[in-house]
Amino acid sequence: MASAPIATLESIQKRVLWLSALMVHHANTVRPNPDGTKVGGHQASSSSVVGLMTALYFHALRPGDIVATKAHASPILYAIEFLRGRLTAEQLRGLRSLGALQAYPSRRKNPEIIDLSTGSMGLGAVSAAFGALAARYVSQHGGAGLPSRFIALVGDAELDEGNVWEGLLEEAVRELDNLLWIVDVNRQSLDRVVPDARRAQVRDWFRGAGWHVIELRWGGRLRARFGRPGGERLRARLEGLGAAEYQALLRLPAGAARKAVVATPEGETDAAIDRLLADVPDETLGALLADVGGHDLAAILAAYDEAAEPRRGPCVILADTIKGWGYPFAADQLNHGTLLTPRQLDELRGALGVAPGEEWAGFAAGSAEAALVRGAPAPYAPPAREAAPDVPDTLEETYPPQSSTQEAFGRALGRLGRLPIGERMVTLSADVSVTTHLAGWITRKGVYFPRAKPAFAAEGPAVVQWKESPAGQHVELGIAEHNLFLALGAFGLTHELSGRTLLPIGTLYDPFVSRGLDALYHALYAGGRFIVAATPSGVSLSPEGGAHQSVITPGIGVALPAIAYYEPTFAQDVEWILLDGLRQLIDRDQDAESLYLRLSTKPIDQALAPAPSPALRDAVLRGGYRLVDAREQPGHDPEANAVHIFAAGVMVPEAVEASRALAAAGICASVFAVTSPDRLYRGLRATRPYVLDLVSADEEGVPVVSVLDGHSHALAFLGGALGVPQLALGVDHFGQSGARGDLYRHYGVDAAAIGRAAHSLLARGPALG
Ligand SMILES: Cc1ncc(C[n+]2csc(CCOP(=O)(O)OP(=O)(O)O)c2C)c(N)n1
Ligand SMILES: [Mg+2]
């Protein structure tokens, strides 16, 4: 690779550092700040990667590469994008203001310059790893081999997050030669210094996970000294220091630093080191001792070149840097949120050679810097988007008379697998594929692995045929729900990044949604579109006990943005919702969303389902429909003896039973099957909320009983929405083992409890009038 001239890179680096400091300064002290809240912007975290990022963008980046930037270095990225002509000075001045450049790189908010979102520690880097896997998948299924490399800049303390190591444990990741991580080893976290043992641990862990490790610990000047007589003693002295001691050494005034570095542990003078440093004047000794690899441009270029050499697996560069590099608070343990004062900023301007009046300038046309910037690869452009096959209107599948929603899901998937649309579907599971009804799909489609593996032949009839190859369409992950959601998010971004719309469907046990929740949130925020089938759910999974029965997930489903939560009852509901979910993954218009299906293994009598019709299908997708109409019952009086039961998912049969029992007691109870508490809730702010359409004008005061197999609050808004009293039934405590009927009774969600709630509401008298 042709080397960029170091002097020019250095000059660009100075400008990048300056602009990153200036935009943060502007946001905090120049721009009007009506409420006085600190704006922030992480000047110290930014400066530690200035060399790594400058060299990356203006030397190492190749066409087709995309980058996930360390979240707290976004000002550096924005400065680079300004120099590349993709941002204006005005945009830099808007940092962290409404509708402008986000605090952390955000594909959702700034898609014109951000390919991959970062923010929450550890998630961005692992997302990039699964992005590399998804790109590999697309290319091995006949699509474009783009993006060609996924490059992630990672803070060293991000490696404290367990999800990083969960990601590295994933077997397929070690196959990815299109993945590069650059770890910014500034030895500082937020408030603490990173533990000394980390350096060796991290290196060994990466190696153990099959990564090629490049260590960029010392710069060229120190390495040259290490080669001289006494040099090995100096190296041993420096490498023997703990991180906190080394940071402290860098902050000592001239003279004191020499004394400290030549001192032996016994307090004597190390004559060899003393002699070695004798020709280094005090004024430059500090800079020599601070000569770490991650700020030595020549060393960085060499590391990037080594990283680009062909090899079988991923690569990581562990680059030592200094947090606050170039600033008065460099290496100060508590500099994470420190901002340069106006005076310090002015001094920095002078030191970096920025002329007054040129503060917001790029490079003059014709300059060597401008030429180098212009010569860098163009911003990533995804390949032309391939057309996606049509989603059928119906699957023409038959479902058994007693069918659970999980079984219906498995059957629907099986049918889809035989259609052209099935070619675009990819299922993912964290070690629960067969138990979540994917066996048929996997047998038909095979398991995806970037490299073909020998298939083992099972003796006798097998539940599933497990054949791993690059042609497979199911990704089986280890038990790590973080990986599942980050991988779903990555496979759900190939439409945007690789030109092919994949339809990723992840299956897991519903209680473990919360296990991967921040990854799910990140995957959605980062723009991934996918389907989550969470099954089984609730206490209906009766003998399995409280650790496996999900209670709070309905609330999560309602609260999560960019994903629609559905909890259907009947097989036909499942089919319609699934087809609609797939269609939304393909449409990708503004309102299109991911889908969270909360399913169950409880068999449901399909005879209870209404006859299919376009109107019913529409109602299912909008969030619910009236299943039992009590208005037809004799003596129906909405002001005296009527009740509305809103039941979701598996609780619908209990509601129907309660309605029958109530009818016998002269109470007219309509049953509404709620297919999506989420859709109903979000519809409330519409000019005409859909839930109001479910009841008729003469039913205005009819009280509501709601019931679901999950926390009651997920449907507790209905009474307020309808302006009537409500009793919200649900599972508001930990689950436990027991027979299903016993549990329903215990938690007060069975037909009898629904009946009691109805009686009690009616005993309170009419709500209105
Ligand atoms: C999941 C998560 N927990 C906590 C934080 C708060 N936080 C912000 S920065 C930081 C330390 C980051 O250290 P490092 O990754 O080494 O970054 P750098 O030193 O480059 O700033 C923490 C704990 C966060 N952003 N995300
Ligand atoms: Mg750090």
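Okay, quick word on terms: helices here are DSSP runs of H or I with at least four residues, strands are E runs of at least two, and both are numbered from the N terminus. On that count, the protein chain has 31 helices and 20 strands.

Before I go on, this is a predicted model, with local features needing pLDDT of at least 70 and side-chain atom pairs counting only at pLDDT 80 or more, while totals for chains, interfaces and linings use all residues. Residues are numbered from 1 along each chain as its sequence is written, chains are lettered from A and ligands numbered from 1 in the order written, and side-chain values use heavy atoms, with hydrogens and water left out.

So, the overall picture. The C-alpha atoms fill a box of roughly 105 × 65 × 60 Å along the principal axes. Of the 769 residues, 60% are buried, meaning under 20% relative accessible area with a 1.4 Å probe, protein chains only. Take contacts, heavy atoms within 4.5 Å: among those between residues at least 6 apart in sequence, 78% join residues at least 24 apart.

Now the metal. What are the protein donors of the magnesium ion, ligand 2? They're Asp156 (OD), Asn186 (OD1) and Gln188 (O), at 2.0 to 2.1 Å from the ion. Asp156 sits in the loop between strand 2 (149-155) and helix 7 (162-169), and Asn186, 30 residues apart from it, in the loop between strand 3 (179-185) and helix 8 (198-208). Both Asp156 and Asn186 are buried. Donors here are N, O and S atoms within 2.8 Å of the metal (3.2 Å for Na, K and Ca), and water is not among the atoms, so sites may look incomplete.

How values were computed
Buried < 20%, exposed > 50% of the residue type's maximum accessible area, 1.4 Å probe, protein only.
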